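This report describes the architecture of one protein chain, taking its domains, its sheet and its ligand surroundings in turn. The sequence and the structure are shown first.

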Amino acid sequence: MEGGVVQGRGVVRSVSVAPMMDRTDRYYRAMMRMITRHTLLYTEMITTGAILNGDRAYLLDFDAQERPLALQLGGDDPQELASCARIAEQWGYDEVNLNVGCPSERVQRGSFGACLMAQPEVVAEGVAAMRGACALPVTVKHRIGVDDLDRYEDMARFVSIVAEAGADRFSVHARKALLSGLSPKENRTIPPLRYEDVYRLQQDFPELVVEINGGVVSLDEVEAHLGRVQAVMIGRAAYDDPYMFAEVDARFFGDEAAPLSRDAIAERLIEAAERHMSQGGRLTQITRHALNLFAHQTGARGWKRAFAQLAHKPGAGPEVIEAALAEVRRQREREVAFRARSGAGDDPGAGRA
Ligand SMILES: Cc1cc2nc3c(=O)[nH]c(=O)nc-3n(C[C@H](O)[C@H](O)[C@H](O)COP(=O)(O)O)c2cc1C
């Protein structure tokens, strides 16, 4: 079928954008959907406590166009996880995912996140409770290890126990987490990537859907990983260069419809900002995620500069995005003129934008 293969409870989507706090909110996701229709998107991690006791509509509402969309939960109490899985299904999410990879201190104090890798039985109980409470795929995001529990065999044991409970996919950040001494940011760079451990996991558990994550920055790399595992998850690169996903639908999901150009996306963002602000929203909720739309293109600097200078001003509105796009186009024209004068040939920026 177009878009993925059915396995277990869900469709296996071979590419996803990783959950990222303060980044993969609904405004970022709306922009990503202008770029790729089929990539699986995630919410930021939301704790079970926040969902059960907080402003549920604020935390969970999303636009139908953001689907397929997974809700990522942080928590360890089976009953609470089950309640949140039920709510996720009622809210219209396509998947519910449990975070067993976050090393932050705040998360450890709540005794969930990466430290749960040392307690596979607790994770299994949570997964079983979630599966019993809803018909959605229930998936787990974890690390290859934590602290001294970092041998391949430790991860394989974790996965086999949690798989027994019915987890529909294992998304593995191919670095161990060190729970003391490293900040969350350092935990995403300092422990070395061990892709071979993730490949071996897929090989040893061919019936499971294994997704690799960590350090993937290009679609060629995605393709190479897909020879060894069933899916690839991209985090930071999807934020630093969102338009790299423009080729994903054709390359990995068999959908040949032409992607929107960067300029067309900028124009859609103007319309989105008009709608958003007419409902009382702030411009920067949209523009902050669009800063890298023109990454590595002629005009990228002008685009960013316009936002930096104008988007925070009182009364700033969609015209800021118009001004930024006009700046991109001016920079392109200047480059064309410069190349024509120096006899350097075609403009590289306009063709790609
Ligand atoms: C700013 C930021 C916030 C993150 N927040 C979450 C989160 O909420 N839940 C989670 O499971 N991982 C979170 N991560 C980790 C990513 O999902 C991903 O595992 C990690 O960045 C490695 O992938 P990458 O090298 O492709 O970025 C976050 C990463 C970043 C950079």
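## Domain contact and overall architecture

In this predicted model, the contact between the domains involves 11 residues of domain 1 and 13 residues of domain 2. On the side of domain 1 that touches domain 2, helix 1 (26-35) and helix 10 (236-240) each supply at least two residues. Helix 1 gives the most to this side, with six residues. By residue class, the side of domain 1 that touches domain 2 holds nine nonpolar residues, no polar ones and two charged ones.

The domain assignment places residues 5-253 in domain 1 and residues 262-348 in domain 2. Taken over C-alpha atoms, the centres of domain 1 and domain 2 are separated by 32 Å.

The chain as a whole contains 16 helices and 10 strands. Its radius of gyration is 21 Å, close to the 20 Å that the globule rule gives for 353 residues, so the chain is as compact as a globular protein of that length. Along the principal axes, the C-alpha atoms fill a box of roughly 65 × 45 × 45 Å.

### The sheet

Eight strands form an open sheet with parallel pairing, in the order 3-10-9-8-7-6-5-4. Strand 3 (15-17) and strand 4 (41-47) are the edge strands, each pairing on one side only. From one strand to the next, the twist averages 25 degrees.

Within this order, strand 8 (residues 169-177) and strand 9 (residues 210-213) pair in the parallel sense over four bridges. His 173 stands opposite Asn 213 in strand 9.

### The ligand shell

Which residues are the closest to the ligand? They are Ala 18, Met 20, Met 45, Gly 235 and Arg 236, out of 23 residues that surround the ligand. Strand 4 and helix 10 each supply at least two residues of this shell. Helix 10 also supplies at least two residues of the side of domain 1 that touches domain 2.

The table sets out the residue classes of the two groups described above.

| Group of residues | Nonpolar | Polar | Charged |
|---|---|---|---|
| Side of domain 1 that touches domain 2 | nine residues | no residues | two residues |
| Shell around the ligand | nine residues | eight residues | six residues |

### Backbone geometry

Most residues other than glycine have a negative phi, and most peptide bonds are trans. Two places in the chain depart from these patterns. Arg 67 and Pro 68 are joined by a cis peptide bond, with omega about 0 degrees. Pro 68 lies in the loop between helix 3 (56-60) and strand 5 (69-74).

The second place is Asp 22, a residue other than glycine whose phi is positive, near 65 degrees. Asp 22 is located in the loop between strand 3 and helix 1. Of the elements that flank this loop, strand 3 is an edge strand of the sheet, and helix 1 contributes six residues to the side of domain 1 that touches domain 2.

Technical notes. Residues are numbered from 1 along each chain as its sequence is written. This is a predicted model: local features need pLDDT of at least 70, side-chain atom pairs count only at pLDDT 80 or more; totals for chains, interfaces and linings use all residues. Two strands pair if DSSP finds at least two bridges between them. Axes are lines fitted to C-alpha atoms, for helices over the stretch in contact, and angles run from 0 to 180 degrees between N-to-C directions. Domain bounds come from an automatic or database domain assignment. Two residues are in contact if their C-beta atoms, placed from the backbone, lie within 7 Å. Ala, Val, Leu, Ile, Met, Phe, Trp, Tyr, Cys and Pro count as nonpolar, Asp, Glu, Lys and Arg as charged, and the others, Gly among them, as polar. A residue is near a molecule or strand if its C-beta atom, placed from the backbone, lies within 6 Å of it. The radius of gyration is taken over C-alpha atoms; the globule rule is 2.2 Å times the number of residues to the power 0.38.
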